[in-house]
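Hi everyone, thanks for coming. I'd like to walk you through one model this morning, so please have a look at the screen.

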Amino acid sequence: MRRGTVAASCSLFAVLALSACSSNASGDASLAPLGPVVTAAPDAAGAPFADRAALKAALLDVGDLPVGFTPVPDPEEDLGLPPASESADSDKSSTNPAECGAVLSPVADQRAGAVAAASGWFTGPGFATIDQDAASYGTGADASAAFTAVQDRLAGCTEYTGTDADGVQVQYRVGGREQQPAGDASVAFRLVTTSEGVSLVSDVVVVVVGSTVTQLVATGQDPIDAGVFGDLTSTAVAKLAPAPAG
């Protein structure tokens with residue numbers, strides 16, 4: 001499970017540093033101000049997904065992604081490894097303000113009460129990644145509240161700092177993005193993460209589909225092509241609607 005911006009970025013930064021890769025384009029990625037808060041109708045049609053398996057089956061799979069992307073197994077559910085300790089003495093990751101560490105965390109972690117939650121991770125060429133998580137709530141009102149909670153956090157985290165697991169300084173900037181509306185309601189934004197001269201760009205869209213909220217994140221040294229990301233968003237919405245009854 002993605003555990004926020006520090007955990008999402010530290011391993012990729014390490015790989016890029018070892019390979020001496022850097023992208024000036026990423027560091028200079030333009031950031032527009034965040035747009036106004038988007039409200040999702042609390043009475044949107046659509047039944048919640050009954051369980052994780054049903055929701056997982058409705059997420060993007062490798063056949064939906066650009067050529068060259070492959071699935072990343074879940075360490076706990078797919079490989080049977082014990083849960084990673086978030087309080088390990090060797091883990092020096094942090095953000096300031098602390099609540100900004102939840103930016104990019106799964107929707108179900110940002111707003112409790114989901115009936116079902118699922119995530120999928122993929123890695124591709126040039127250290128690019130595409131992640132999707134989804135949380136299905138019992139009512140449209142609950143989904144609307146989750147959608148608002150994600151946006152409320154962003155508003156207080158447009159610029160913040162932190163450290164990775166090794167204590168290395170990391171800087172974060174969040175701004176708005178232009179993207180065609182999707183689903184019943186959607187909001188798009190961009191996160192630029194910089195550490196030791198290496199920058200990563202995460203283009204993000206959060207979409208409400210009935211009583212399900214999904215977050216799609218594409219991260220790389222350069223922004224993902226806007227048309228490709230728009231197509232991925234459309235595919236994600238189509239797979240989530242309508243949710244199976246009961």
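Let me begin with a term I'll lean on: two strands pair if DSSP finds at least two bridges between them. With that in hand, look at β4, where the bridge partner of Ala 117 is Ala 135. Please keep in mind throughout that this is a predicted model.

Staying with that part of the chain, strand β3, residues 116–123, runs antiparallel to β4, and eight bridges join them. The hairpin of β3 and β4 has five residues between the strands, and there Gly 126 takes a positive phi near 65 degrees. On to the next neighbour: β4 and β9 also pair in the antiparallel sense, over eight bridges. If you want a landmark there, Ser 136 stands opposite Thr 212 in β9.

How many of the eight residues of β4 are buried? Seven are, so β4 is largely enclosed by the rest of the structure.

Now let's zoom out. The protein chain has six helices and nine strands. Nine strands form an open sheet, and the pairing is antiparallel. Reading across, the order is β1-β3-β4-β9-β8-β7-β6-β5-β2. Which strands are the edge strands? They are β1, at 70–71, and β2, at 94–96, each of which pairs on one side only.

Two helices deserve a mention here. α5 packs on the sheet, touching β6, β7, β8 and β9, and its direction makes about 35 degrees with that of β7. Helix α6, residues 226–240, packs on the sheet as well, touching β4, β8 and β9. For α6, the direction makes about 35 degrees with that of β8.

Let me move along to β5, β6 and β7. Strand β5, residues 159–163, pairs with β6 in the antiparallel sense over five bridges. Thr 163 stands opposite Gln 169 in β6. The hairpin of β5 and β6 has five residues between the strands, and Gly 167 takes a positive phi near 90 degrees in it. Then β6 and β7 pair, again in the antiparallel sense, over six bridges. There, the bridge partner of Gly 176 is Phe 189, in β7.

This is also the place to talk about aromatics. A search of the whole structure finds one aromatic pair. The rings of Tyr 160 and Tyr 172 have their centres 4.5 Å apart and their planes at 10 degrees; planes under 30 degrees apart count as stacked, so this pair is stacked. Tyr 160 lies in strand β5 and Tyr 172 in strand β6, so the pair ties together parts that are 12 residues apart in sequence. Are these two buried or exposed? Tyr 160 is buried, and so is Tyr 172.

Tyr 160 brings us to the interior. The largest nonpolar core has 26 residues, and Tyr 160, Val 206 and Val 213 are those with the most contacts inside it. α5 (140–155), β6 (169–176), β7 (185–195), β8 (198–209) and β9 (212–220) each supply at least two residues of this core. Which element gives the most? That is α5, with five residues.

Have a look around Val 213 while you're there. Leaving out residues up to four places away in sequence, Val 213 touches residues including Val 107, Ala 143, Ala 146 and Val 206. There is also a second, separate core of 24 residues, which includes Phe 49, Ala 58, Val 209 and Leu 240.

For contrast, let's visit a loop. Thr 39 is found between α2, at 24–27, and α3, at 52–57. Exposed means over 50% relative accessible area, so Thr 39, at 64%, counts as exposed. The C-alpha atoms of Thr 39 and Asp 184 are separated by 9.7 Å, with the two residues 145 apart along the chain.

A few overall numbers before I stop. Of the 246 residues of the protein chain, 45% count as buried. Among contacts between residues at least 6 apart in sequence, 70% join residues at least 24 apart. The protein chain exposes about 11,200 Å², and carbon and sulfur atoms supply 55% of that.

That's my tour, and thanks for listening!

Conventions
Residues are numbered from 1 along each chain as its sequence is written. This is a predicted model: local features need pLDDT of at least 70, side-chain atom pairs count only at pLDDT 80 or more; totals for chains, interfaces and linings use all residues. Side-chain values use heavy atoms; hydrogens and water are left out. A nonpolar core is a set of buried Ala, Val, Leu, Ile, Met, Phe, Trp, Tyr and Cys residues joined through side-chain atoms within 4.5 Å. Buried means under 20% relative accessible area, exposed over 50%, partly exposed in between (1.4 Å probe, protein chains only). Helices (H or I, at least four residues) and strands (E, at least two) are DSSP runs, numbered from the N terminus. Contact means heavy atoms within 4.5 Å. Accessible areas come from the Shrake-Rupley method with a 1.4 Å probe; for residues, only the protein chains shown count as cover. Axes are lines fitted to C-alpha atoms, for helices over the stretch in contact, and angles run from 0 to 180 degrees between N-to-C directions. Rings of Phe, Tyr and Trp (its six-membered ring) pair if their centres lie within 6.5 Å; planes under 30 degrees apart count as stacked, over 60 as edge-to-face and the rest as tilted.
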